[in-house]
Amino acid sequence: ILDAFLKEVLRIYTPSLVLMPRIATCTHKLGDLTILKGTIVNVGLNSLSLNELYYDEPYKFKPERFLEESAERKNHPYSCLPFSAGPRNCIGKYLALIEAKTILLTFLKKYSFKFCNPNFELKFGHRLLNVLTDPLYL
């Protein structure tokens, strides 16, 4: 369940908003769009992980979508890329996930949490990394 929770957090609040840019090695045709050889291409990660083509109710926090028995597990393997994918994926992915689980479990074990303001909404600045624009009080 902890893995599903972290995957859903990373799906909705992807730490990095874009993958490292790539240069098209040949001309590609994608529908009406032509990408010429030599064009610098960026992939907006949120456009994948928050896309209704891949996730029902993409803005709703539903960790159960990452449980083994979930029907939504049939999603495309590259629909959520918080650490990139393939041979150039993040070298620190597994360490980051272990650290996140350790920190989360330590906090849950040591503290109890409640929202000071139940109407609080997370707001992020649009930079290279997702950064909260307003403080979060617990």
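This report walks through the fold, helix packing, aromatic pairs and selected residues of a predicted model.

## Overall layout

The protein chain has three helices and six strands. Read from the N terminus, the order of elements is α-β-β-β-β-α-α-β-β. One helix opens the chain, and two strands close it.

The chain counts 138 residues, and buried residues make up 22% of them. Long-range contacts carry weight here. Among contacts with a separation of 6 or more, 51% join residues 24 or more positions apart.

## Helix 1 against helix 3

Helix 1 spans residues 2-12, and helix 3 spans residues 93-110. The two pack at an angle of about 110°, with axes 11 Å apart. Helix 1 is therefore roughly perpendicular to helix 3, since angles of 65 to 115 degrees fall in that class. Helix 1 contributes Leu2, Asp3, Phe5, Leu6 and Leu10 to the contact. Helix 3 answers with Leu97, Ala100, Lys101, Leu104 and Leu105. By class, eight of these residues are nonpolar, none is polar and two are charged.

Six residues of helix 1 are buried: Ala4, Leu6, Glu8, Leu10, Arg11 and Ile12. Charged side chains are on that list, namely Glu8 and Arg11. The buried residues of helix 1 pack against both helix 2 and helix 3. Leu6 and Leu10 are buried, and both also belong to the contact with helix 3. An α-helix has 3.6 residues a turn, so residues three or four places apart point the same way.

## Aromatic pairs

The structure holds three aromatic pairs. Two of them are described here.

Tyr55 and Phe66 form a tilted pair, 6.5 Å centre to centre, with 45° between the planes. Both residues lie in the loop between helix 2 (45-49) and helix 3, so the pair ties together parts that are 11 residues apart in sequence. Tyr55 counts as buried because its relative accessibility is 2%, under the 20% cut-off. Phe66 is buried too, at 14%.

Phe107 and Tyr111 also form a tilted pair. Their ring centres are 5.7 Å apart, and the planes meet at 45°. Neither ring residue is buried. Phe107 counts as partly exposed at 40% relative accessibility. Tyr111 is partly exposed at 44%.

## Around Tyr55 and Ser49

Tyr55 has a charged partner as well as an aromatic one. Arg11 lies over the face of Tyr55, at 4.7 Å from the ring centre. Arg11 is one of the buried residues of helix 1.

Ser49 sits in helix 2. Ser49 is buried, with a relative accessible area of 0%. Leaving aside neighbours within four places in sequence, Ser49 is in contact with Arg11, Thr14, Tyr55, Ser79 and Cys80. Arg11 and Tyr55 thus appear together again, as contacts of Ser49.

## The loop between strand 1 and strand 2

Two residues of this loop are picked out, Ala24 and Cys26. Strand 1 covers 22-23 and strand 2 covers 28-30. Ala24 is buried, with a relative accessible area of 10%. Cys26 is partly exposed, at 36%.

Not counting residues up to four places away in sequence, Ala24 touches Ile35, Leu36, Lys37, Gly38 and Thr39. On the same basis, Cys26 is in contact with Ile35, Leu36 and Lys37. The C-alpha atoms of Ala24 and Ile35 are 7.4 Å apart, across 11 residues of sequence. Those of Cys26 and Thr39 are separated by 9.0 Å, with the two positions 13 residues apart along the chain counted as their separation.

## Positive phi angles

Two residues have a positive phi although they are not glycine. Glu57 has a phi of about 50°, and Ser84 has one of about 70°. Glu57 lies in the loop between helix 2 and helix 3, and Ser84 is found there as well. Glu57 counts as partly exposed, at 45% relative accessibility.

Notes: Residues numbered from 1 in each chain as written. Predicted model: local features only at pLDDT ≥ 70, side-chain atom pairs only at ≥ 80, totals over all residues. Heavy atoms only, no water. Axes fitted to C-alpha atoms, helices over the stretch in contact; angles between N-to-C directions. Helix = DSSP H or I, 4+ residues; strand = E, 2+ residues; numbered from the N terminus. Parallel < 35°, antiparallel > 145°, perpendicular 65-115°, else oblique. Contact = heavy atoms within 4.5 Å. Phe/Tyr/Trp six-rings, centres within 6.5 Å; stacked < 30°, edge-to-face > 60°. Buried < 20%, exposed > 50% of the residue type's maximum accessible area, 1.4 Å probe, protein only. Lys NZ or Arg CZ within 6 Å of the ring centre and 35° of its normal.
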